[in-house]
Amino acid sequence: EIMYDSGPAMLKRDLRTCDAFDVRDRLDELSTPMLAITGESDGLTPPWYHEHVADEVSSAEQVTIADAAHFSMIERSEQFNEAIDAFLRSR
């Protein structure tokens, strides 16, 4: 509902911004611990993208949430929160 209420102009601007934002060539500059979470059926930021981040950033971990797509934090909130909790506890 929130996305629908935001209107097509906002969605178009958001998608164009996301499409233009690509810093994969700078991942080696990152040293902060990070967790790359994706849904196994995410078509916007697919698992291979998150796996690439985890491969390129030595301090990164990658988790794929089963039976979820782009909004895994909503679709599978319990699994998403468990992944974050485990990551934070490991620090």
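**Notebook: pockets in a predicted model**

I began with the second largest pocket, and I found that β1 (34-39) and α3 each supply at least two residues of its lining. I should keep in mind that this model is predicted.

Next I asked myself which element gives the most to that lining. It's β1, with 4 residues.

Then I wrote down who lines the second largest pocket: Phe21, Val23, Leu27, Met34, Leu35, Ala36, Ile37, Tyr49, His50 and Val53. I sorted them by class and got 9 nonpolar, 1 polar and no charged residues. With His counted as polar and Tyr as nonpolar, I can put a name to the polar one: His50. For the volume I noted about 180 Å³.

On to the largest pocket. Its volume comes out at about 540 Å³. There are 17 lining residues here, and the closest to the centre are Cys18, Asp19, Leu44, Thr45 and His70.

Which helices each supply at least two residues of this lining? I found α2 (8-20) and α3 (47-56). Of the elements, α2 gives the most, with 6 residues. I also spotted that α3 turns up in both entries, since it supplies at least two residues to the lining of the largest pocket and at least two to that of the second largest.

Last check: how does the lining of the largest pocket divide by class? I counted 11 nonpolar, 2 polar and 4 charged residues. So charged residues do appear in this lining, whereas the second largest pocket has none in its lining.

Definitions and conventions
Residues numbered from 1 in each chain as written. Predicted model: local features only at pLDDT ≥ 70, side-chain atom pairs only at ≥ 80, totals over all residues. Heavy atoms only, no water. 1 Å grid on protein atoms, 1.4 Å probe; cavity = no way out; pocket = protein on both sides within 12 Å on 5 of 7 lines; lining within 4 Å. Points joined across faces, edges and corners; volume = space filled by probe spheres on them.
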